[in-house]
Structures are given as C-alpha cells and as structure tokens.
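Me: I would like to learn how to read a structure feature by feature, with the general idea set out before each case. Could we begin with how the cover of a residue is described?

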Amino acid sequence: MPEEIKTARRKRVLSLIQPTAVPHIGNYIGALRNWAAMAEEYDCVYGVADLHALTVRPEPAVLQKQSMEAFAILLALDLRRGNNIVFVQSHAPAHCQLNWLLNCYTQFGEASRMTQFKDKAAEHADNVNAGLFTYPILMAADILIHQADYVPIGEDQKQHLELARNIAERFNGAYGQVFTVPEPFLGKIGSRVKSLQNPTQKMSKSDRNPKASISILDTPEAILKKCKAAVTDSESIVRYAEGKEGINNLMTVLAACTGSSYEQIERDFAGKGYGDFKAAVAEAIIEELRPFQAEYKRLLADKAYLEQTAREGAEAAQRHAMRTTAKAMKKVGLWGT
Ligand code: TYM
C-alpha cells in the first residue's frame with residue numbers, strides 16, 4: 001500500500017446538540033439526520049452539550065433527565081457504530097480546559113458580533129450571563145479539541161462555526177499547526193426548517209407555542225394534528241414559490257423525509273387541496289421517525305446500559321480531547337505541561 005494511503009486519516013466529523021428540550025424535526029432534518037448519514041463513512045464524535053444548556057439556567061432535575069434522554073436519542077440513531085464516540089460534554093473536562101485557552105485568543109469585538117447572543121440576550125433579558133456571551137467559544141473548543149474536519153449543523157450555527165475557524169487560524173498562525181480548521185456541513189435541504197405557526201421564523205426549541213414545532217418523540221396523532229394546524233396561505237395550490245413560506249416549509253420537510261424533489265411533490269399534489277398535502281407530510285414524518293422512536297423507547301428502559309455507555313463515551317472523548325489540549329497548553333507556554 002502506498003505510504004500516503006497507509007497514513008491518511010479518515011476525515012473527522014463532530015457535532016453536539018443541547019439537551020434543553022426534546023429535539024424537533026428542524027434539529028432532526030437540519031442536523032441529526034446528517035449525523036446519522038455521516039456516521040458510517042467518517043470518524044465521528046457526537047455529543048450532548050449539557051454545559052451550553054446551563055446558559056439558560058435549567059432546573060437541575062430537568063437538565064439531568066433531558067441530558068440522559070438526549071444521550072439515548074443519539075444512541076437510538078445508531079451514531080455510536082464503528083469507532084465513533086458518543087458522549088456528554090461535561091463528562092470530558094478537557095473541553096473546559098481548552099475553552100479557557102481559547103477565551104484568551106478570542107476578541108471581545110468578534111464575540112460581540114454573534115447574532116445568536118443578541119437574540120438570546122433579548123429572549124433572556126433577566127439573565128444575560130457571561131456564559132451566554134462566551135457560548136460560541138466553548139463550541140469552538142468542542143470542535144477544535146477533536147480536530148474536526150466537518151461540522152454538520154443547521155444554518156443558525158454557521159456564524160459560530162466561522163468564529164471557530166477564525167480562532168483556529170489565529171492560534172495556528174501564532175504557534176504553528178495545532179488545530180484542524182473545520183468546515184461547516186449543511187445538508188442540501190432543510191438547514192433552516194421554519195416554525196409551523198410562523199413560517200418566516202426558524203423552528204426553535206424555545207418557542208412557547210407547542211403547535212410551532214414537532215418533536216421527534218411526538219406521537220403519530222400529535223404529528224398529524226400539528227401538520228393540519230400549520231399556517232399556510234389562501235392559494236390552495238401546492239407549489240414552491242416566494243410568499244408561500246408555510247407551504248415551502250412543509251414541502252421541504254416532505255422532500256427531506258421522502259427524497260422527492262419539489263417538482264415531484266408539485267406533480268403529486270396537482271389538483272389536490274392542502275388537507276391532503278398536510279396529511280401526506282404528517283405520514284412521511286411519522287414513517288421517518290417510526291424505527292427511531294421504537295429503538296429510543298427500548299433504550300430508555302435500560303438505564304444501566306445508558307450509564308455504562310456514557311462512561312465509555314466519556315473516557316474515549318476525554319482521552320481523545322487531551323491529545324490536542326496537551327499540545328495547545330505546551331504551545332502557549334504553560335509550565336510543566
Ligand atoms: P442546538 O441544540 O440548538 O441545535 C442542534 C442542531 O440543530 C440545528 N437546528 C436546525 N436545523 C434546521 N432547522 C432548524 N430550525 C434548526 N434548529 C436547530 C442546529 O444548527 C444544530 O446543528 N450550539 C449548538 C450545540 C453545540 C455544537 C457544538 C454544535 C455545542 N457545541 C459543536 C456543533 C459543534 C446548539 O445549540 O445546537
């Protein structure tokens with residue numbers, strides 16, 4: 001075998017999800033589905049970003065429960081196959097260690113430009129904590145510590161990834177090659193799934209209107225009900241066009257679940273009303289989620305397995321993360337490292 005092939009490492013993929021609520025179909029179509037598709041071909045590190053969730057001060061018992069459930073969701077998607085690592089962020093403390101270093105290599109001005117910080121600060125005006133501000137720097141640590149080549153995310157995280165790239169380039173410029181400069185990976189379709197009730201806004205976990213989003217653990221009845229209640233327009237023609245954000249969004253979800261193109265969907269629903277179309281969207285979501293939901297229920301009943309797997313994930317993630325952390329610590333001149 002030629003030397004370059006023997007030594008070439010497989011590209012690494014990394015992404016995390018916050019356990020602030022059950023993931024919705026936006027998280028699923030924009031991110032989780034792509035994680036699963038990449039789990040075979042790449043060396044992947046996937047995780048539950050519980051430290052990020054602290055920025056909105058969740059109830060401790062709720063955070064614990066949701067972190068375990070989010071971990072079970074990742075396992076139910078079979079992300080742990082091969083040599084992949086699935087872990088909970090706080091279980092690998094090296095992430096916080098590198099986070100501090102990176103804080104010192106991020107400018108206040110560039111962190112201030114993050115639009116998600118501005119949005120979240122407005123949303124949580126009574127708790128604009130420093131963690132909310134430095135949130136993207138911890139995210140940069142998550143990514144850079146594992147030398148990720150690709151980061152599958154939805155569009156809302158693109159600016160954070162750009163920041164991670166800038167930090168990596170700055171650090172490498174000062175100290176030589178330490179971090180891989182990561183690329184965002186956005187799916188061709190569904191990187192910004194919209195709210196079912198206000199289709200000009202993204203579907204969001206923090207939306208207080210339960211009809212605005214479909215959780216990946218919703219029952220078939222709830223999925224049908226929410227699809228039927230989705231805001232559309234008065235034209236009654238299923239076509240992808242400007243000014244038809246509600247229909248465009250449902251077409252995106254249907255296309256993502258079935259693999260049909262927009263043209264195909266338009267042909268399939270020519271002469272049919274929105275009622276039939278919405279029922280078909282609901283059916284496609286239900287079918288897409290059915291195997292995952294069954295596996296999730298099975299795993300959640302086995303707490304001992306979840307705890308054991310989390311311990312294994314923590315060890316693997318920490319070991320892997322320490323390689324880069326040790327190198328970065330040495331480079332910046334911390335004595336004895
Ligand atoms: P989080 O938990 O908000 O979202 C998880 C993933 O879902 C994507 N997403 C969407 N995609 C399409 N349409 C939507 N409406 C939609 N809403 C959310 C997000 O882009 C994300 O990919 N900060 C991250 C978690 C994180 C992380 C990381 C991600 C922590 N460290 C390192 C990547 C790499 C977050 O809050 O995602």
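Reply: A residue is called buried when its relative accessible area is under 20%, exposed when it is over 50%, and partly exposed in between, using a 1.4 Å probe and the protein chains only. Here we have a predicted model, in which local features need pLDDT of at least 70 and side-chain atom pairs count only at pLDDT 80 or more, whereas totals for chains, interfaces and linings use all residues. Residues are numbered from 1 along each chain as its sequence is written, and side-chain values use heavy atoms, with hydrogens and water left out. In this model Asp-78 has a relative accessible area of 42% and is therefore partly exposed.

Me: Where is Asp-78 found, and what is its phi?

Reply: Most residues other than glycine have a negative phi. Asp-78 is not a glycine, yet its phi is positive, at about 60°, and it sits in the loop between H4 and S3; helices (H or I, at least four residues) and strands (E, at least two) are DSSP runs, numbered from the N terminus. Arg-57 likewise has a positive phi, near 45°, in a residue other than glycine, and belongs to the loop between helix H3 (50–53) and helix H4 (60–76). With a relative accessibility of 64%, Arg-57 counts as exposed.

Me: How should I read the pairing of strands, and how many bridges join S1 to S2?

Reply: Two strands are taken as paired if DSSP finds at least two bridges between them. Strand S1 (residues 12–17) and S2 run parallel and are joined by six bridges; Arg-12 stands opposite Asp-43 in S2, and Leu-14 has Val-45 as its bridge partner there. Between these two strands the chain passes from S1 through helix H2 (residues 25–38) to S2, a β-α-β crossover that is right-handed, a term meaning that, with the strands pointing away from the viewer, the path from the first strand over the helix to the second runs clockwise. S2 also runs parallel to strand S3 (residues 85–88), with four bridges between them, where Val-45 is partnered by Ile-85 and Val-48 stands opposite Val-88.

Me: Why is S2 described as largely enclosed, and which way do the residues of S1 point?

Reply: Five of the six residues of S2 (residues 43–48) are buried, so this strand is largely enclosed by the rest of the structure. In S1, six of the six residues are buried, so that strand too is largely enclosed. Arg-12, Leu-14 and Leu-16 point one way from S1, while Val-13, Ser-15 and Ile-17 point the other way. In S3, Ile-85 and Phe-87 are directed one way and Val-86 and Val-88 the other, and all are buried.

Me: What does a polar contact look like for Asn-34?

Reply: A polar contact is a pair of N or O atoms within 3.5 Å; within protein, one must be able to donate a hydrogen and the other to accept it, and residues adjacent in sequence count only if both atoms are side-chain atoms. Asn-34, in helix H2, has a polar side-chain atom 3.3 Å from the backbone oxygen of Gly-30. Asn-34 is buried, at a relative accessible area of 10%.

Me: Which residues come nearest to the ligand, and how much of the ligand does the protein bury?

Reply: A residue is near a molecule if one of its heavy atoms lies within 4 Å of it, and the same cut-off serves for a strand. There are 28 residues around the ligand, of which Tyr-135, Asp-142, Gly-154, Asp-156 and Lys-205 come nearest. Oxygen atoms of the ligand lie 2.5 Å from a polar side-chain atom of Asp-156, 2.8 Å from a side-chain N or O atom of Lys-205, and 3.0 Å from one of Asn-27. Taken alone the ligand exposes 710 Å², and the protein buries 97% of that, with accessible areas from the Shrake-Rupley method and a 1.4 Å probe, where for residues only the protein chains shown count as cover. S1, H2 and helix H8 (130–145) each supply at least two residues of the shell.
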